[in-house]
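The following exercises ask the reader to reason from backbone geometry, burial and contacts. Each task is followed by a solution in steps.

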Amino acid sequence: MSDVLGSGFRESNRLRVLELLLRHPSCSRAELGRRLGLSRATVTAVLTELERAGMVSQQSEELGDDRRKAIGRPPLQVSLAPTAAYAVGLDFGHRHIRAAVCDLGGNIVAQRWIESEVDEQPFASFDQAQVLASEALAEAGVEPGRVIGAGVGLPAPVDVVTGTLNAEGILPGWEGIVPAAELASRLGMPVQVENDANAGAIGEHLFGAGRGVADMVYVQLAAGIGVGMILGGRPFRGAVGVAGEIGHTTAVPGGRLCRCGNRGCLETVASSRAVAELLERSGRGPLSVAQMLERLRVGDRGVERALADAGQAVGVALTATVNLLNPSLLIIGGELSEAGDVLLDPIRAAIEQSAIPPAASAVQVVAAELGTRAEALGAASIQLARAPQALAERLAA
């Protein structure tokens, strides 16, 4: 019986150490022991075992010469070994598919991207995603046994319990389809599906601007607009995955018809598609987002005004979120976020003007650190978040 209990404690301690290192990389042994309530001897034994299995790495903290002389030998910093596990991230936009292979350190080691008519052609999109993922895995040279699975970000509300989509009016060709099953049969690995804004939030929380922040909101500004929320350190999705659908809240009463069937939704005035259409009506011709941003860089006042107006509309829409949730961090991501402060400053100003002062002063508005990688890396992070359990099971086998 004592052997069984001892084995159980060892497995539990392995898992706890792995979980802590996923969320807090570069911990010293003393910090691990303090956070987990484990003795130095226990921490050393667990780390030795994990290091032999290639799951953690230890290195000296980089210090300046003066500080090194003052304190002596620097402590070893422990991190998960990036190559211990990988995941595939699939990001389906309304007009593109991106496949990325990500390691346990949050690095994209290979990726592929293609334009695609995702909204109307789901099965062709699944086939394209399978090709892109296979090409990325081949480029990365990752062994199948080190791939935990694939995470998928989709531009529609997702019920993560059932894997079903609330696609009506958002992804018109996807009604009745179960994407996880379709992709699992093509990829030959476990697949978990998530809303793309939620995936972006998870990516920024694990590997980007939101690392270590308990309460944060991620705003995806692209062809669609969505919000992903991390509350109390965990993703918040609502009862059936619809939480955060800010793009389909009314911004202009009686305004332009939205693809969801309502009028004046935020997406009709502040999405990349809406901004591009506005600029085309102003006589600037059809513009891609890349062309729009290039015009911004060379001082096109019309582009600057269109993006600033979009930012102001987004800021007004976010005021209720800031008042209701009182987050400490609001991260702006998606393709429009590359406009920088031209977009972010009006968002900040609208929140400062309209939110209640304590909530407005508590929230910091920043650009996403992961940029356009956030959704693909976030999708992969859905699987990478399971890495401690997967690695512990691998070691116990």
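**Exercise 1: The faces of a helix**

In this predicted model, Val-43, Val-46, Leu-47 and Leu-50 of helix H3 are buried. Determine on which side or sides of H3 they lie.

Solution.
- Step 1. An α-helix has 3.6 residues a turn, so residues three or four places apart point the same way.
- Step 2. Val-43, Val-46, Leu-47 and Leu-50, the buried residues of H3, cover an arc of only 95° around the axis, which puts them on the same side of H3.
- Step 3. Ala-41 and Arg-52 are exposed on the other side of H3.

**Exercise 2: The length and end of H3**

Compare the expected span of H3 with the distance between its end C-alpha atoms, and state the sign of phi in Gly-54.

Solution.
- Step 1. H3 has 13 residues, 40–52, and at 1.5 Å a residue these should span 18 Å.
- Step 2. The end C-alpha atoms of H3 are 18 Å apart, in agreement with that expectation.
- Step 3. Gly-54, which follows H3, has a positive phi, near 75°.

**Exercise 3: Two residues and their surroundings**

Classify Val-191 as buried or exposed, do likewise for Ala-270, and list the contacts of each.

Solution.
- Step 1. Val-191 is placed in strand S10, residues 191–195. Its relative accessibility is 17%; the cut-off for buried is under 20%, and Val-191 therefore counts as buried.
- Step 2. Apart from residues up to four places away in sequence, Val-191 touches Ala-150, Val-152, Ala-180, Leu-183, Ala-184 and Gln-383.
- Step 3. Leu-90 is 101 residues from Val-191 in sequence, and their C-alpha atoms are 10.0 Å apart.
- Step 4. Ala-270 belongs to helix H8, residues 267–270, and is buried because its relative accessible area is 0%.
- Step 5. With neighbours within four places in sequence set aside, Ala-270 is in contact with Ile-225, Val-275, Ala-310, Val-314 and Leu-336.
- Step 6. Glu-19 is 251 residues from Ala-270 along the chain, with 39 Å between their C-alpha atoms.

**Exercise 4: Positive phi outside glycine**

Locate Ser-26 and Asn-326, and give the phi of each.

Solution.
- Step 1. Most residues other than glycine have a negative phi.
- Step 2. Ser-26, not a glycine, has a positive phi near 60°. It is found in the loop between helix H1 (2–23) and strand S1 (27–28), and at 41% relative accessibility counts as partly exposed.
- Step 3. Asn-326, also not a glycine, has a positive phi of about 50°. Its loop runs between helix H11 (301–325) and strand S14 (329–333), and Asn-326 is partly exposed, with a relative accessible area of 44%.

How values were computed
Residues are numbered from 1 along each chain as its sequence is written. This is a predicted model: local features need pLDDT of at least 70, side-chain atom pairs count only at pLDDT 80 or more; totals for chains, interfaces and linings use all residues. Side-chain values use heavy atoms; hydrogens and water are left out. Helices (H or I, at least four residues) and strands (E, at least two) are DSSP runs, numbered from the N terminus. The expected span of a helix is 1.5 Å times one less than its number of residues. Buried means under 20% relative accessible area, exposed over 50%, partly exposed in between (1.4 Å probe, protein chains only). The arc is that of the directions from the helix axis to the C-beta atoms. Contact means heavy atoms within 4.5 Å.
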